[in-house]
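Got the viewer open? Let's take a walk through this one, a stop at a time.

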Amino acid sequence: MLISMALATLTSTPALAAPIKITGAEAKSYWSAPDVSYPPSKVKDKQRKPWYEGDRGNGMGSWVLVKFDGEQPVTRVVMLAGDWTSATSWKQANRPKEVELKFSDESTETWLLEDEMVPQTFKLPKTTNTSSIRFRVTQIFSGSAFPDTAITEIQVFDDKPGEHPAKELKASTTFPTDSDASYVPVMAADGVRDTAWCEGNKKTDGVGEWLEVHFEAPQKVSKMNICTGVCQMLGTLHKDTNTPTNLTVSFSDGSSQKVTVADKSMPQKIALTPRTAEWARVTIDAVRKGKQYDDACISELSFE
Ligand SMILES: [Ca+2]
Ligand SMILES: [Ca+2]
């Protein structure tokens with residue numbers, strides 16, 4: 001009895017992670033031209049434009065540093081490696097392959113990355129109190145066209161209650177990757193508003209299609225955070241695709257709830273009847289039609 005209770009406690013331990021606010025960013029160098037520049041602040045703008053190093057050579061040895069408001073207990077770091085401006089530019093520029101993390105107490109960790117256009121997570125071996133993290137690129141995956149290394153976003157988390165980290169995202173269908181972007185489900189869990197999962201059912205306007213978030217462990221769920229359509233800050237692309245307005249949220253415990261979402265290019269927080277679940281699915285019940293594309297998109301989806 002005691003053993004089974006201990007196990008139950010262990011398996012329901014919530015994987016907590018609240019984002020730590022990045023107050024500033026610096027870099028050894030950055031790429032700029034009269035008409036366009038890629039300063040270090042691009043790693044914290046929640047958009048798909050990246051920081052590009054401006055060193056001579058391929059970017060090995062270049063670094064970007066993010067700062068916090070005083071010392072913070074860091075447990076995990078997420079990186080969108082490479083240039084996420086488009087699926088094409090991601091292939092063209094160098095992506096970090098190995099990064100040295102250096103904390104404000106001078107201690108370091110080495111992070112080996114995969115060569116995939118998906119958010120990548122590094123869990124620190126122990127909670128580290130630090131006021132900054134410097135990411136120094138020590139190995140790269142070579143791009144097909146540009147001899148420069150890019151990082152699109154860096155997100156840093158502590159162990160306080162926040163959005164439940166997603167282990168995996170699944171969807172009923174996915175729009176095929178084109179030169180503009182990838183629309184795979186995880187694009188709805190990358191912390192970037194101008195990347196999205198889009199359904200790929202050519203016979204419908206998206207009604208009936210679904211997106212599912214699997215958590216790292218069973219979680220108490222009481223809120224949904226959602227950015228529907230292509231939830232760009234300027235909002236111009238938002239009108240182009242079908243945008244879900246009515247959803248059914250269903251859970252691994254068999255329960256479900258219908259919700260209405262406002263048609264706006266803004267993150268929305270929707271209260272849910274609290275329950276414990278291992279995964280949550282949103283099924284599209286109705287859409288506002290897009291001007292250009294008859295496909296429905298969701299830019300960000302998370303639960304807390
Ligand atoms: Ca960015
Ligand atoms: Ca996104």
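Start by colouring the two domains: the C-alpha centres of domain 1 and domain 2 sit 26 Å apart. This is a predicted model, so select by number. Domain 1 takes in 6-13 + 163-303, while domain 2 covers 24-157.

Now go to the place where the domains touch. Domain 1 brings 15 residues to the contact and domain 2 brings 13 residues. How do the residues on the domain 1 side divide into nonpolar, polar and charged? Evenly: five nonpolar, five polar and five charged.

Next, zoom out until the whole protein fits the window. The C-alpha trace spans about 60 × 55 × 30 Å along its principal axes. The radius of gyration is 20 Å, which agrees with the value near 19 Å that a compact globule of 304 residues would have. Switch to a cartoon view and you'll find two helices and 14 strands.

Time to look inside. Buried residues account for 40% of the 304 residues. Select A188, A196, W197, L211, V213, I298 and L301: within the largest nonpolar core, which has 35 residues, these touch the most other members. Which strands each supply at least two residues of this core? Highlight β8 (166-171), β9 (197-198), β10 (210-228), β11 (243-251), β13 (268-288) and β14 (297-303). Give β10 its own colour, since the largest share of the core, seven residues, comes from that strand.

Stay here and centre on I298. Setting aside neighbours within four places in sequence, I298 is in contact with A188, A196, W197, L211, I226, T228 and P244. Then move over to a second, separate core, this one of 34 residues. Among its members are A17, V64, V137 and I140, so pick those to find your way in.

While you're tracing contacts, try following them along the chain. Of the contacts between residues at least 6 apart in sequence, 77% join residues at least 24 apart.

For the last stop, colour by pLDDT. The mean for the protein is 93, and 95% of the residues reach 70 or more. Where does pLDDT stay under 50? Select residues 1-13: that is the stretch, and the model has four contacts for it beyond four places in sequence. Part of that stretch, 6-13, is assigned to domain 1, so keep the colouring on when you go back to the domain view.

Conventions: Residues are numbered from 1 along each chain as its sequence is written. Chains are lettered from A and ligands numbered from 1 in the order in which they are written. This is a predicted model: local features need pLDDT of at least 70, side-chain atom pairs count only at pLDDT 80 or more; totals for chains, interfaces and linings use all residues. Domain bounds come from an automatic or database domain assignment. Two residues are in contact if their C-beta atoms, placed from the backbone, lie within 7 Å. Ala, Val, Leu, Ile, Met, Phe, Trp, Tyr, Cys and Pro count as nonpolar, Asp, Glu, Lys and Arg as charged, and the others, Gly among them, as polar. A nonpolar core is a set of buried Ala, Val, Leu, Ile, Met, Phe, Trp, Tyr and Cys residues joined through C-beta atoms within 7 Å. A residue is buried if 20 or more other C-beta atoms lie within 10 Å of its own, exposed if 12 or fewer, and partly exposed in between; C-beta atoms are placed from the backbone. Helices (H or I, at least four residues) and strands (E, at least two) are DSSP runs, numbered from the N terminus. The radius of gyration is taken over C-alpha atoms; the globule rule is 2.2 Å times the number of residues to the power 0.38. pLDDT is the predictor's confidence in each residue, from 0 to 100.
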